[in-house]
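Welcome! Please take a moment to look over the chain shown here, and then we will walk through some of its features together.

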Amino acid sequence: MSGRKQKLAYWLADARRGQEARFMKRFAPTHWTVNFPRPMMANVVTTAADAPSGPGLRVDAVFYGSGDLAGLIWEAEDRWSHALLAYETDRDFRDCVLRFRWRSGGLRRLDETHGPTLTIEGRDAEGHARAWYVRLWNYASGGAEDAVVTLDFSDLKSGFLSSEGEAVWAGDVDRMFISLAAPAYDGGSTAFAGGVEGWCELSGIRCDGAGSVLRVGDVVLPEHGLSMATGYDDCFNQTPERIVASIHALGYRGDINHYVGMSHYFRLEPLGGGFYISLAGGVLNAPCAAWHADFARRAKALGLGVIWSLSYELFDAHCWNDWKQRAEDGSPALTGWSPPSTLLSPAHDGAMSYLRLVAGAFVSIGLSAGLAIKFQVGEPWWWVMPDGRICLYDDAARAALGGALVSVPDVRRVLSGPEKVLLDRAGEVLAASTASLCGWVKGVAPGAVTHLLAYLPTVLDPLAPEAKRANMPLGWAFPAFDVLQLEDYDWVTEGRERLTARGVELAVERLGYPVEEQHYFSGFVLRGEDAVQWREIAAAAEAAVRRGTAATFVWALPQVARDGFTCFRLDGEDDVQAFDDVAFPLGVGREASVAPAFSTQIVESVSGHERRSSDWADARLSFDAGPGVRSEADMAALIAFFRARRGAARGFRFTDPYDDRSCGIGGVPGPLDQHLGLGDGVRAEFPLSRFYGVGEEAQVRRITRPVAGTIRVAVDGIERVDGWSHAGLGVIAFDVAPVEGAMLTAGFRFDVPVRFAEDRLDINRATFAAGEAPSVPLVEIRE
């Protein structure tokens, strides 16, 4: 529709308030989760609802030591689903009877000590915190590895023998879990010679009784044009069916960009008291392979594609030491996560060969599910330490880059010619490694579409302008990859829109990917207390859609669910086209009259006292430009301008003849005229304002239409002629965030955004000739 657009909007939902709901059976297979200690691994997937035994679930696990224990968990409170999709909290299980068929292999059997036990955590009838341990064998009928288990929560007893146990009070339960252990489990710390695999299935799961039904959200949001990113390290504990169904229900379409992670997909082998990456028995551990096979099938069934994302990052504790990137002093490249991950050296043949095998394993899973293969190389780079040291001095890198390398003590400073040459050479090694990885993928799946994900705040750090030589090499230039994916969540959540825009521009200038071959990842809210950052994330997503990016992703589903981020689109006027950035004819406007107005609510008591409440923080201006119409030529110019604005439909600039600059009337604006802000070392964008009065009582006027070429900026009293720009709507964007405590000031001339107050313009030639000025009312627009 001409002149219209769809605007992105969002809501942070904390609960359902009248939205659609349905009923589900308690203990539904889709909503069980798993948990376990490192380094073991386990996953849960749902099994076919039309199987002979009915709907169920399967857990695959791999144990590396005699103390490894996994839990298959049901929680009374749904802590994992989006608020609009969660099931209701009901802690009273006393009216429930749970039945299922148990089958297992490679685990402690039902009839053994430390066999599968139901742990119930909650409170007793007096409200005291309690845990009960219910041996499943006591309620089983059949064999030790194939039995029907019946649990009547009104008549359960804890203990090894039910005849000697204590009655369970299931009226106030937080969670319950079934423990799973390897046959050699003894609660100790003895490492196994290799991974021990086990599995169990709960099929024909049935819950009966008055408390067997829960209300659950059944919201299906309309498509909003965005796609979803997930990470296996964040959602491995849930069933793929639950994950994929949530993505679809929340309105995300297209491809799921799925990061396979850095800490849960690999196999391990014991060595020297630790566990290290291994290829013994295959590439992926059994739980990971089973989970992703189901994930791919579920995505395919709902019409969603999968972009398999693999990075150069690995969990540090399990990474072979010679695979790691290292700084010049030998320090390994470690991220800030706790516990940390490390970065693999692009020059190490063993590390890169391993990544190629991992990529092939995931691509093969996608092929088996019938998915079109799309593969992403995620954030490949030479790690830069917080103090500016770049990690390209591991033994493999030294050999690839020429042995005795020139020292680069801080990549953020001005670099010498030899230092730049070294970074260029490192970039060539990085580009060769990514080309080899993508070549391997295309060998497995010849039609694969390749993607490169670049994290702009690192590879285009304004403090380290030469780092791009190593971390955004020219060997990545179009068409080395099919799609360029850009991510900059630090800039987004810090509100640094100008850096985002400039970062995208620089990436395109350097690598040459057209916008239709680009994807954008719009943000990441690490902590729930920072949920306000979704505002910037939504704005960044909308900006990416506006510039024509082929796909825009929200990162990531666990944070979307945690904060209740609910995205949708609304039809609305195009804000950009509703304002024409042109000035009212100066000769007509210079004689205008002006009327600033506030809105104040005044309540008068019977005693004559008043209570006044100001509704507006800033005055709204009205003008009458009629007195400036002095000739028929002025009249013709006014009518033409009025028609071009379609009456009151479109805004424009108007120069207030009485107040149009940061200084006094007739003065020349200076860089110290008005307060701009106070630096905090993080914030880089500050809006222009005009202050009336002094101190805390000063009235603040937001300036959105400064006059081009008149803005002057100072930091701590010293004018800055560069290092900043006008990002639009009166926002000054610094290339680098001003340091904490820096005093920022600015001077400028400005116009007022206005519109015609009416859709009708009355001008009478006879009264005009008699000296009567027409009325041309204008009203200020809030921006």
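Where is the place of Pro479? Pro479 sits in a loop, with α8 (468–471) on one side and β24 (483–487) on the other. Keep in mind as you read that this is a predicted model.

## Two cis peptide bonds and a positive phi

Pro479 is worth a second look, as the peptide bond that joins Phe478 to Pro479 is cis, with omega about 10 degrees. Another cis bond runs from Trp555 to Ala556, and its omega is near 0 degrees. Ala556 also belongs to a loop, the one between β26 (551–555) and α12 (557–563).

His114 offers something else to look at. Its phi is near 60 degrees, a positive value in a residue that is not glycine. You will find His114 in the loop that runs between β7 (97–105) and β8 (117–123).

## How the chain is divided

The domain assignment splits the chain into domain 1 (20–217), domain 2 (227–570) and domain 3 (593–755). From a separate record, an unreviewed UniProt entry, comes a domain called "Non-contractile tail sheath TIM barrel", listed for residues 222–565. Across residues 222–565 the chain is 39% helix and 17% strand. The C-alpha atoms at the two ends of that stretch are 14 Å apart.

## Where domain 2 meets domain 3

Measuring between C-alpha centres, domain 2 and domain 3 are 43 Å apart. Their contact draws on eight residues from domain 2 and nine residues from domain 3.

How much area is buried between domain 2 and domain 3? The figure is about 650 Å², and carbon and sulfur atoms give 56% of it. On the domain 2 side, Glu494, Arg496 and Arg498 supply 65% of the area buried against domain 3, more than any other three residues.

What sort of residues does domain 2 bring to this contact? The side of domain 2 that touches domain 3 has three nonpolar residues, one polar and four charged. Even with those four charged residues, the count of salt bridges between domain 2 and domain 3 is zero. The rule for polar contacts likewise finds zero residue pairs across this interface, where both residues must be at pLDDT 80 or more.

## Salt bridges in the model

Side chains of opposite charge can pair when their charged atoms come close. By the rule applied here, the count is 52 salt bridges. One of them links Arg389 and Asp329, whose closest N and O atoms are 3.1 Å apart. Arg389 lies in the loop between β22 (374–378) and α5 (395–401), while Asp329 lies in the loop between β20 (313–315) and β21 (341–343), so this pair ties together parts that are 60 residues apart in sequence.

Notes. Residues numbered from 1 in each chain as written. Predicted model: local features only at pLDDT ≥ 70, side-chain atom pairs only at ≥ 80, totals over all residues. Heavy atoms only, no water. UniProt positions renumbered as here; feature names shortened; annotations may be inferred. Helix = DSSP H or I, 4+ residues; strand = E, 2+ residues; numbered from the N terminus. Domains from an automatic or database assignment. Contact = heavy atoms within 4.5 Å. Buried area = accessible area lost by both parts, 1.4 Å probe. Salt bridge = Lys/Arg side-chain N within 4 Å of Asp/Glu carboxyl O. Polar contact = N/O pair within 3.5 Å; in protein donor to acceptor, adjacent residues only side chain to side chain. Nonpolar A, V, L, I, M, F, W, Y, C, P; charged D, E, K, R; others polar.
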